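This briefing covers three topics: internal space, strand pairing and helix packing. Please consult the sequence and model shown below alongside the points that follow.

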Amino acid sequence: ALGLATPTALMVGTGRGAQLGILIKGPEILEQTRRVTTIVLDKTGTVTEGRMAVVEVYPAHGTDEAELLTVAGAAEGASEHPIARAIADHARATLGDLPDVEEFTSRAGLGIVATVEGRRVVIGRSRFLDEHAIAADQHLDQDRDRQEALGRTVVTIAWDGAVRGLIAVADRVKPSSAEAIAELKALGLTPVLLTGDNEQTAQAVGAAVGIDVVIAGVLPDGKAAAIRQLQERGERVAMVGDGINDAPAMA
């Protein structure tokens with residue numbers, strides 16, 4: 001009977017995991033979890049709800065808010081990213097139908113380039129705009145800093161070589177996240193927040209749920225490297241994520 005206890009417990013564990021939507025490759029994987037020392041958590045959709053909403057729109061001088069939303073909403077409407085969907089949905093709700101998009105391309109974790117009504121539109125992070133030789137608008141820096149300090153994600157919109165405005169998007173922390181982090185710590189595990197968001201936003205979310213170790217500004221293809229660095233320090237790492245961008249790190 002004792003010899004059957006362990007395999008039976010492992011079978012029950014994998015079965016219970018399946019009921020909760022957790023796929024466990026095999027009993028040996030479940031058994032290895034007792035050696036885990038560090039839990040790496042993606043931010044969007046894992047620690048937060050993953051339901052983005054536009055909270056502020058900041059047009060640059062000389063740009064109308066409706067024009068900014070029209071162009072940004074149309075361009076982002078071709079993307080499947082949660083932030084892009086939030087901007088496109090907000091634009092449609094505010095303005096109605098949006099123009100068609102041509103020549104759409106995206107860079108995972110950085111931004112998009114599209115053509116809207118003859119304009120070459122670049123939307124994304126500051127470093128993405130730098131790649132396209134688009135200078136920042138210093139008049140908008142305070143607005144960006146204020147929103148990021150609140151834990152919000154700020155997207156820069158530019159077209160025809162100049163910044164035309166910012167859009168701030170917010171994602172709520174899951175009500176259960178802080179309690180879950182506390183339970184992980186009680187088990188002796190170290191939670192780590194790993195995200196592509198900027199440092200200020202990531203630190204704000206980490207502080208809200210009790211995560212002290214935050215690794216920010218990591219592109220999707222860099223998450224696996226971040227996991228390897230932790231492993232090289234002797235950590236036994238488990239990764240929790242929910243998006244296709246997390247797949248390489250989770251593998």
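A cavity is a set of points, on a 1 Å grid over the protein atoms alone, where a 1.4 Å probe fits but cannot get out; points are joined across faces, edges and corners, and a volume is the space filled by probe spheres set on them. The model is predicted, so local features need pLDDT of at least 70 and side-chain atom pairs pLDDT 80 or more, whereas totals for chains, interfaces and linings use all residues. Residues are numbered from 1 along each chain as its sequence is written, and side-chain values use heavy atoms, without hydrogens and water.

**Cavity**
- The count is one cavity of 30 Å³ or more, and the largest has a volume of about 30 Å³.
- Its lining (residues with an atom within 4 Å of a point) consists of Lys43, Met52, Gly151, Thr153, Val169, Ala170, Asp171 and Val205.

**Strands** (DSSP E runs of at least two residues, numbered from the N terminus; a pair needs at least two bridges)
- S7 (residues 162-170) is joined antiparallel to S2 (residues 53-59) by six bridges, with Pro59 opposite Gly165.
- Seven bridges join S7 antiparallel to S6 (residues 153-159), where Trp159 faces Ala162.
- Two residues lie between S6 and S7 in their hairpin, and Asp160 there takes a positive phi near 50°.

**Helices** (DSSP H or I runs of at least four residues)
- H7 (residues 141-149) and H9 (residues 199-209) pack at about 25°, with axes 8 Å apart; axes are lines fitted to C-alpha atoms over the stretch in contact, and angles run from 0 to 180 degrees between N-to-C directions.
- H7 and H9 are therefore roughly parallel (under 35 degrees).
- Asp145, Glu148 and Ala149 in H7 contact Gln200, Thr201 and Ala204 in H9 (heavy atoms within 4.5 Å).

Conventions. On a 1 Å grid over the protein atoms alone, a cavity is a set of points where a 1.4 Å probe fits but cannot get out, and a pocket is an open set with protein on both sides within 12 Å along at least five of seven lines; lining residues have an atom within 4 Å of a point. Angles under 35 degrees count as roughly parallel, over 145 as roughly antiparallel, 65 to 115 as roughly perpendicular and the rest as oblique.
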